[in-house]
Protein chains: 2
Amino acid sequence: MNALYLTNRTLSFRTDLPTPQPAAGEALIRVRLAGICATDLEMVRGYYPFDGIPGHEFVGEVVRADDAPQWEGRRVVGEINTTCGTCAQCQNGRPTHCENRTVLGILGRDGAFAEYLTLPIANLHAVPDEVSDEHAVFTEPLAAALEIQQQVHVHPSDRVLVVGAGRLGQLIAWTLALTGCDLAVVARHEPQRTLLAKRGIHTLAEEEVPHWGMDVVVEATGSPTGFALAKYAVRPRGVMVLKSTYAGELRLDVSRLVVDEVTVVGSRCGPFAPALRHLHKGLIDPSDLIATRYPLEKGLEAFQKAAQPGVLKVLLHR
Amino acid sequence: MNALYLTNRTLSFRTDLPTPQPAAGEALIRVRLAGICATDLEMVRGYYPFDGIPGHEFVGEVVRADDAPQWEGRRVVGEINTTCGTCAQCQNGRPTHCENRTVLGILGRDGAFAEYLTLPIANLHAVPDEVSDEHAVFTEPLAAALEIQQQVHVHPSDRVLVVGAGRLGQLIAWTLALTGCDLAVVARHEPQRTLLAKRGIHTLAEEEVPHWGMDVVVEATGSPTGFALAKYAVRPRGVMVLKSTYAGELRLDVSRLVVDEVTVVGSRCGPFAPALRHLHKGLIDPSDLIATRYPLEKGLEAFQKAAQPGVLKVLLHR
């Protein structure tokens with residue numbers, strides 16, 4: 001089959017890869033649409049080690065599911081962490097932290113920038129007919145945005161700041177806006193600000209951010225300057241949510257976190273079911289986030305496009 | 001009056017200082033006993049800037065309180081943050097984070113290593129007759145230990161690790177043991193381990209700490225190695241409490257906090273009332289923590305003693 005393949009930090013388009021064979025309990029899925037995310041770009045830059053087919057945001061259709069044939073022919077999205085079910089994390093309700101996990105297109109499992117992928121049937125969520133492929137492909141990043149509210153109680157009266165308004169930052173801001181909170185976003189690029197303004201979301205220039213002015217701050221840039229701005233903005237005993245990984249180590253004045261009694265919450269993968277509910281109800285319409293689409297065989301071009309500053313979601317189709 | 005005085009990182013014993021004059025709403029307090037804490041040592045080492053009389057752990061007696069004469073003659077301990085009552089922090093229930101605060105012996109206000117100090121009457125707590133001076137002088141650090149449970153819900157079923165078993169680490173461990181949690185402490189020095197064993201608290205060598213084995217970890221060393229061990233021990237979605245300040249900046253692999261979705265909570269000053277209740281009921285008996293006592297005029301010797309590794313609480317008396 002055709003796929004993008006990453007090895008030694010070099011991404012190539014290959015036509016000679018075998019179609020994956022589903023193991024017991026797994027489904028074979030034909031990928032309909034896949035999205036390029038910051039993690040994919042970081043893997044190509046070598047910040048994160050992975051050899052194989054990348055890609056973890058997808059919508060597809062089940063072509064084979066021997067152990068659950070009722071899934072065959074259904075349009076699906078899939079949770080990206082495969083779990084053992086027996087480790088301490090799985091048995092204590094934290095399956096996304098499974099000690100023996102593989103992660104689709106990220107860790108020990110080929111991903112979605114291919115004609116086909118395999119995933120355990122237990123990871124699948126059926127996509128309602130009313131939700132288009134172009135919306136469904138955002139289920140995974142939308143779930144990651146909702147993980148913030150899974151972890152932190154955002155009160156309707158809270159003053160909330162999102163630092164960064166790229167692909168994930170937009171979804172974070174849009175979902176937080178639904179809480180009724182007093183929301184502001186630091187967005188560097190004009191098109192990012194336009195997308196927020198369209199939804200009535202207030203933006204701030206970096207120099208307008210009030211010191212100690214926010215109850216909750218979400219850091220979605222993955223940059224040391226973003227972290228510093230978030231720390232500047234959060235009030236004493238406030239919450240900073242770290243929604244991006246950082247290249248290398250960060251130098252932090254940890255004593256300020258102690259003196260101001262700040263809570264810092266790391267946040268990663270989130271719940272698919274509420275993400276699909278948001279898409280189904282039309283509460284989140286991600287169409288505006290699509291920058292452009294490329295066929296899989298032009299995947300290398302697509303990656304170049306996605307790496308340009310300010311470019312939103314680049315999709316790969318069959 | 002006599003006092004220890006810090007200027008340009010040099011501590012001296014002086015006999016020529018004026019007795020402080022209480023402002024409106026303040027009391028003049030004769031210090032009976034004061035304790036040397038890690039923060040005091042750091043100020044002398046120059047890690048923290050302060051010029052004036054240090055000292056913030058004390059028990060004393062009110063000699064003058066014009067606005068509330070019923071306090072005169074009473075034995076008291078005092079909250080160390082003085083507040084304005086009008087800033088955003090004060091008006092939102094976070095007086096210890098007052099934007100205009102002074103802090104006894106730490107920030108803009110002379111402290112307790114003196115014959116007399118002044119504090120607002122609103123900061124005072126009467127010491128019950130049954131609580132000795134030697135116990136009451138631990139009210140402030142005991143309150144700081146209890147701040148952990150003020151901020152984090154420690155469940156009786158939680159596996160909890162305290163890294164560090166010095167002056168504050170001991171009080172933290174003793175108060176956490178009262179929750180019924182499954183507690184272990186990393187203690188480097190044999191006398192520290194003896195104090196814990198006496199209270200039935202389990203200790204671990206650093207190499208015995210289980211990876212991802214703890215629901216809550218309290219970092220009480222203020223060292224990068226202590227932070228690293230705490231991060232190693234905390235489970236995914238677990239809580240790390242930072243109870244010490246750190247000299248300078250710390251280099252952190254922040255991405256691991258994101259991937260493991262760890263919550264980091266900075267923790268500083270705590271509630272005096274429950275600390276006094278613990279002392280009054282005898283649930284916490286800090287006598288064992290007293291290493292030795294010096295008269296105020298031998299304060300420089302006392303500081304040298306307190307700075308030696310493994311030495312517990314050094315007290316200054318009149």
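# Two chains, two domains: who touches whom

Across the interface of chain B and chain A, the rule picks out 4 salt bridges. This is a predicted model, so take everything here as computed from its atoms. Chain A and chain B bury about 3500 Å² between them, and inside chain A, domain 1 and domain 2 bury about 1200 Å² between them. Below is a quick tour of both contacts, plus some strand pairing.

**Where chain B meets chain A**

- The contact takes in 38 residues of chain B and 38 residues of chain A.
- Of the roughly 3500 Å² that chain B and chain A bury between them, 51% is on carbon and sulfur atoms.
- If you want one salt bridge to look at, try R251(A) and E249(B): their side chains meet at 3.2 Å, N to O.
- Polar contacts are there too, with 19 residue pairs across the interface of chain B and chain A, both residues of each pair being at pLDDT 80 or more.
- On the side of chain B that touches chain A, these elements give two or more residues: α4 (139-151), β15 (234-242), β16 (250-252), α8 (254-259) and β17 (263-266) of chain B.
- Of these, α8(B) gives the most to that side, with 5 residues.
- Sorted by class, the side of chain B that touches chain A has 14 nonpolar, 12 polar and 12 charged residues.

**A strand pair between the chains**

- Strand β17 (residues 263-266) of chain A pairs with β17(B), in the antiparallel sense and over 3 bridges.
- Which residue of β17(B) stands opposite V264(A)? The answer is V264(B).

**Inside chain A: two domains**

- The domain assignment splits chain A into domain 1, made of 3-138 + 284-317, and domain 2, covering 146-266.
- Where they touch, domain 1 of chain A puts in 17 residues and domain 2 of chain A puts in 13.
- Taken over C-alpha atoms, the centres of domain 1 and domain 2 of chain A are separated by 27 Å.
- Carbon and sulfur atoms hold 65% of the approximately 1200 Å² buried between domain 1 and domain 2 of chain A.
- Three residues of domain 1 of chain A, namely I284(A), D288(A) and L312(A), lose the most area to domain 2 of chain A, together making 44% of what that side buries.

**Polar links between the domains of chain A**

- How many salt bridges are counted between domain 1 of chain A and domain 2 of chain A? There are 2 salt bridges.
- D288(A) turns up again here, as its side chain meets that of K198(A) in a salt bridge (2.6 Å, N to O).
- Between domain 1 and domain 2 of chain A, 6 residue pairs are in polar contact, with both residues at pLDDT 80 or more.
- Helix α1 (residues 38-45) of chain A gives the most to the side of domain 1 that touches domain 2 of chain A, with 3 residues.
- That side of domain 1 of chain A divides into 12 nonpolar residues, 1 polar and 4 charged.

**A sheet in chain B**

- Chain B has an open sheet of 3 strands in the order β6-β7-β8, with mixed pairing.
- Each of β6 (81-82) and β8 (108-109) of chain B stands at an edge with a single partner strand, so one side of each is left without a neighbour in the sheet.
- Strand β7 (residues 102-104) of chain B runs parallel to β8(B), and 2 bridges join them.
- V103(B) has G108(B), in β8(B), as its bridge partner.

Methods
Residues are numbered from 1 along each chain as its sequence is written. Chains are lettered from A and ligands numbered from 1 in the order in which they are written. This is a predicted model: local features need pLDDT of at least 70, side-chain atom pairs count only at pLDDT 80 or more; totals for chains, interfaces and linings use all residues. Side-chain values use heavy atoms; hydrogens and water are left out. Domain bounds come from an automatic or database domain assignment. Contact means heavy atoms within 4.5 Å. Buried area is the accessible area (1.4 Å probe) that two parts lose on being put together, summed over both. A polar contact is a pair of N or O atoms within 3.5 Å; within protein, one must be able to donate a hydrogen and the other to accept it, and residues adjacent in sequence count only if both atoms are side-chain atoms. Helices (H or I, at least four residues) and strands (E, at least two) are DSSP runs, numbered from the N terminus. Ala, Val, Leu, Ile, Met, Phe, Trp, Tyr, Cys and Pro count as nonpolar, Asp, Glu, Lys and Arg as charged, and the others, Gly among them, as polar. Two strands pair if DSSP finds at least two bridges between them.
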